[in-house]
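Subject: A structure for you to look at

Hi there,

Here is the structure I promised to pass on to you. Please open it and have a look around before you read my notes.

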Amino acid sequence: MADSSATYIHLVHHLIETCLIFHMTKEECMEALSKHANIEPVITSTVWNELAKENKEFFEGYAQSLNKQDAMSEEETSQLIRSMIQESSKHSDDN
């Protein structure tokens, strides 16, 4: 059970990192992972908050950069999440 929990948290961590690459806000990330990966927003929020604690300077700079960028469209977000899930599934099957 602990191993599957760690694997799940690692998956959420990876998906959040991908959301960061695409300049998504925390709220957009929570919504996208909930809608497309069936991950509860509270889980995404908790993992995001832990990442932010561990990487304070990065997240401060990230928040500032978001103010200067346009958000992704919902369709772009949907496509991104679907491809992330497919990629994660391929890696899971390899292990």
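Below is what I found, going from the whole chain down to a single residue.

Please keep in mind that this is a predicted model.

Let's start with the overall picture. The chain contains five helices and zero strands, so its pattern along the sequence reads α-α-α-α-α. Of its 95 residues, 28% are buried. The surface that the chain exposes comes to about 6,500 Å², and 51% of that area is supplied by carbon and sulfur atoms. For contacts between residues at least 6 apart in sequence, 68% join residues at least 24 apart.

Next, try finding helix H2, which covers residues 26-37. This helix has twelve residues, and from its first C-alpha to its last it reaches 15 Å. That is close to the 16 Å expected at 1.5 Å a residue. Which residues of H2 are buried? They are Lys26, Cys29, Met30, Ala32 and Leu33. Just after H2 comes Asn38, which has a positive phi, near 55 degrees.

Finally, go to Thr18, which sits in helix H1 (residues 2-21). Is Thr18 buried or exposed? Its relative accessible area is 11%, and because the cut-off for buried is under 20%, Thr18 counts as buried. Leaving aside residues up to four places away in sequence, Thr18 touches Leu80 and Met84. You could select Thr18 together with Leu80 and Met84 to see these contacts for yourself.

Enjoy exploring, and write back with any questions!

Best wishes

Key
Residues are numbered from 1 along each chain as its sequence is written. This is a predicted model: local features need pLDDT of at least 70, side-chain atom pairs count only at pLDDT 80 or more; totals for chains, interfaces and linings use all residues. Side-chain values use heavy atoms; hydrogens and water are left out. Helices (H or I, at least four residues) and strands (E, at least two) are DSSP runs, numbered from the N terminus. Buried means under 20% relative accessible area, exposed over 50%, partly exposed in between (1.4 Å probe, protein chains only). Contact means heavy atoms within 4.5 Å. Accessible areas come from the Shrake-Rupley method with a 1.4 Å probe; for residues, only the protein chains shown count as cover. The expected span of a helix is 1.5 Å times one less than its number of residues.
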